[in-house]
Structure formats: structure tokens, C-alpha cells
Amino acid sequence: MRVLVTGGSGQLAHAVRLAWAGHDLILPEEAILDLSRQEAIRSVVTEVRPDVVVNCGAFTQVDRCESEAELALLINGTAVGWLAEACEDLGAMLIQVSTDYVFDGAGMTPYREEDPTSPVSVYGHTKLEGERQAARCSRHLIARTSWLYDAWGKNFLNTMLNAAAHGRSLRVVDDQRGAPTTCRALARQLKAAAEEQWHGLVHATCQGETSWHGFAKAIFEAKELAVDLSPCNTEDYPTPARRPAYSVLDGARRRSLGSDLMPPWQEALAEVIDHPEFSKEA
Ligand SMILES: NC(=O)c1ccc[n+]([C@@H]2O[C@H](COP(=O)([O-])OP(=O)(O)OC[C@H]3O[C@@H](n4cnc5c(N)ncnc54)[C@H](OP(=O)(O)O)[C@@H]3O)[C@@H](O)[C@H]2O)c1
């Protein structure tokens, strides 16, 4: 398959580059495929003529989205509509990556795809708009994921390891629960989903759940680092954007669609620690 990947400098795009080897991959730089410009999207898609577009590009800085709502809507919402139109014209498949932040987090059991959405942040609202826009393409797959990280990129794992390397004491929130998910696991899952022609809305996170504090503790145990780590509450660290307190996503639909490649989160973390550089064979 000929595959066009947006947001080529991001952490998920890097994993797609590695996990989708064997397909004909095109990852243009942001200066060329700038999602804020409809003309750029149209001309790149027309030139590349992909079978599949994987939209890894997004305005992902959740707190900044609160003060830059217009730009967030443009990148996370409107641009997805432009991609959907361009894919529709070609008959291409559009894979849109979405988020657990479309839910308000008041639930206490894993959210299913059909559960009502109610974002509590600008980021969540704009990503939900992106879902609506993606659905305008007949061949669309919207994959909601959560708490993405890997050995590369700006993410919670690297923030924790960096803090530990500086010998800092750490207080980490223990009252937000979700599923840490590795970019490589999601990239493999999306590849299988494209090959198997999945359609519609699906939840794609690693299995199980923990808190940010639980995730930090598991990271330090896996790395055998002695860190002064203690739990705290969300209210101890106010941020511009609200986050859902509970955002675990139910994976039953994914398991019913075909190859389920999402491992338990602890297994996925062990893979990243043991094999920071992964290749398609890993
Ligand atoms: N990270 C998470 O925890 C998480 C959780 C759930 C869902 N997701 C979703 O997963 C997807 C991948 O996220 P990620 O973690 O890989 O994020 P990331 O590392 O921040 O990657 C996003 C990429 O999009 C690029 N981008 C921003 N504006 C752009 C524009 N106008 N044109 C082209 N590219 C642009 C960014 O470039 P710059 O860095 O230069 O801005 C960045 O390289 C996103 O859809 C995100 O919403 C992420």
C-alpha cells in the first residue's frame, strides 16, 4: 500500500515509520504538508495518490489549546475535514487518531465507542470535531487512544526519566486513571487495521489501567531506579486544561474486528525499556 503519514516529526509518526516498513511510506515535512493550509493538503494528497492516509499530525499540547483554541480547531478539526475530502476524491482510506479526552471522565467503568462524549477541554472538543470530520470520508477508521509514549518523543516516560536523572523528588497525580499506550503497539495495530480494512470508530489502547503515579512507579521499577516518588491529587497541581479523572477505553469492539495487537500496558512498557530501539522484527 502507498501510505501518506501526516505530522511526520511526532512520536506516533516515528513509530508508524518503523512498524509499517514493507509498505510504501511517505512522510512529508510539516513545511510541505502543513495541516493549517487546505491547498497544501490537497496538492500533497493529489501528488502522492495514497491508498491510506494516517493522520498523526495534531495540536497535542493540551494546556496550550486552552489559550489557542482557534488554531487547535483548525489543526485538530477543520484540517481533518480537508483530509477527508481529499481521501474521498481518491477513494483512499483515512485513519484518524483520536483521544480518550473526548470523554468527561465521570465514568467508573471502561468507556465503549457508543458512550456519549462530553469533552472537558478545548483539546478534547477539537479532537471530537476531528472525529466528525473524518467520518465524512467513506473509508474512515477513527482510532481513539490514550497516554501515548515510547522511547522517543516528548512524553511522560521521558519526563520521568529526565527528572530521575536530575535526582528530583517527584509528586505525581494518583487520581487520574487511564491506559498508558506505546506508540509502537498502536502503530502495529493501525497497520493490521488498514490491511484488514477496518471501518468506523474503535478504541485502541493498551490493556488494563493505572494512575499516572502507578505508571511512574512501574517505570522506575522497570529501570531499577530509586526515586523519591509520592502520590498527589489533581487539585494540588492546577493546569489550564481540565483532564478526565477516568478515561479507560473498552477494547471489546477492537477484539471483534480482527487482529488485536494491543498488549497489557505493563508488557508494552517492558518492551520499550528492554528494546528502546525497535524495528519491525521486534
Ligand atoms: N500524546 C498522547 O498522549 C495522545 C493521547 C491520545 C491521542 N493522541 C493523538 O495521537 C496523535 C499523535 O500524537 P503524538 O503523541 O504523536 O503527538 P506529537 O508527538 O505532538 O505529534 C504531533 C505532530 O503533529 C505536528 N503538527 C502540529 N501542527 C501541524 C501542522 N499545522 N501541520 C503538520 N503537522 C503539524 C507536530 O509538529 P510540531 O511538534 O512541530 O508542532 C507533531 O510533529 C494525535 O492525533 C493526538 O491527538 C495523543
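Before you start clicking, one term: two strands pair if DSSP finds at least two bridges between them. Helices (H or I, at least four residues) and strands (E, at least two) are DSSP runs, numbered from the N terminus.

What you have open is a predicted model, where local features need pLDDT of at least 70 and side-chain atom pairs count only at pLDDT 80 or more, while totals for chains, interfaces and linings use all residues. Residues are numbered from 1 along each chain as its sequence is written, and side-chain values use heavy atoms, with hydrogens and water left out.

**Stop 1: strand S1**

Select residues 2-6, which make up strand S1. Of these 5 residues, 4 are buried, where buried means under 20% relative accessible area, exposed over 50%, and partly exposed in between (1.4 Å probe, protein chains only).

Now add residues 24-26, strand S2, which runs parallel to S1 and is joined to it by 3 bridges. Pick Val 3 and you'll find Leu 25 of S2 opposite. To get from S1 to S2, the chain goes through H1, in a right-handed β-α-β crossover. Right-handed here means that, with the strands pointing away from the viewer, the path from the first strand over the helix to the second runs clockwise.

Next, show residues 52-55. That's strand S3, and S1 pairs with it in the parallel sense over 4 bridges. Which residue of S3 is the bridge partner of Leu 4? Click on Val 53.

**Stop 2: strand S4 and its partners**

Carry on from S3 to S4, again a parallel pair, with 4 bridges. Val 54 is a handy marker, since Ile 95 of S4 stands opposite.

Is S4 buried or exposed? All 7 of its 7 residues are buried, so the rest of the structure largely encloses this strand. Color the two faces separately if you like: Met 93, Ile 95, Val 97 and Thr 99 sit on one side, with Leu 94, Gln 96 and Ser 98 on the other, and both faces are covered.

Then bring up residues 140-145, strand S5, which runs parallel to S4 with 6 bridges between the two. Ser 98 has Arg 144 in S5 as its bridge partner. Together, S4, H5 and S5 form a right-handed β-α-β unit.

**Stop 3: the ligand**

Select the ligand and show everything near it, meaning any residue with a heavy atom within 4 Å. You should get 24 residues, and the closest are Ser 9, Gln 11, Thr 60, Tyr 123 and Lys 127. The shell splits into 10 nonpolar, 11 polar and 3 charged residues. In this count, Ala, Val, Leu, Ile, Met, Phe, Trp, Tyr, Cys and Pro are nonpolar, Asp, Glu, Lys and Arg are charged, and the others, Gly among them, are polar.

Three side chains are worth a distance label. A polar side-chain atom of Gln 11 is 2.8 Å from a ligand oxygen, and one from Glu 30 is 3.1 Å from an oxygen atom of the ligand. For Asp 34, a side-chain N or O atom lies 3.0 Å from a nitrogen atom of the ligand.

Which elements give two or more residues to this shell? They are helix H1 (11-19), strand S4 (93-99) and helix H5 (122-134). The largest share, 3 residues, comes from S4.

**Stop 4: Pro 244**

Finally, jump to the loop between strand S12 (229-232) and helix H9 (252-257), where you'll find Pro 244. This proline is buried, at 3% relative accessible area. Add Ser 121 too: the two are 123 residues apart in sequence, with 9.0 Å from C-alpha to C-alpha.

Key
A polar contact is a pair of N or O atoms within 3.5 Å; within protein, one must be able to donate a hydrogen and the other to accept it, and residues adjacent in sequence count only if both atoms are side-chain atoms.
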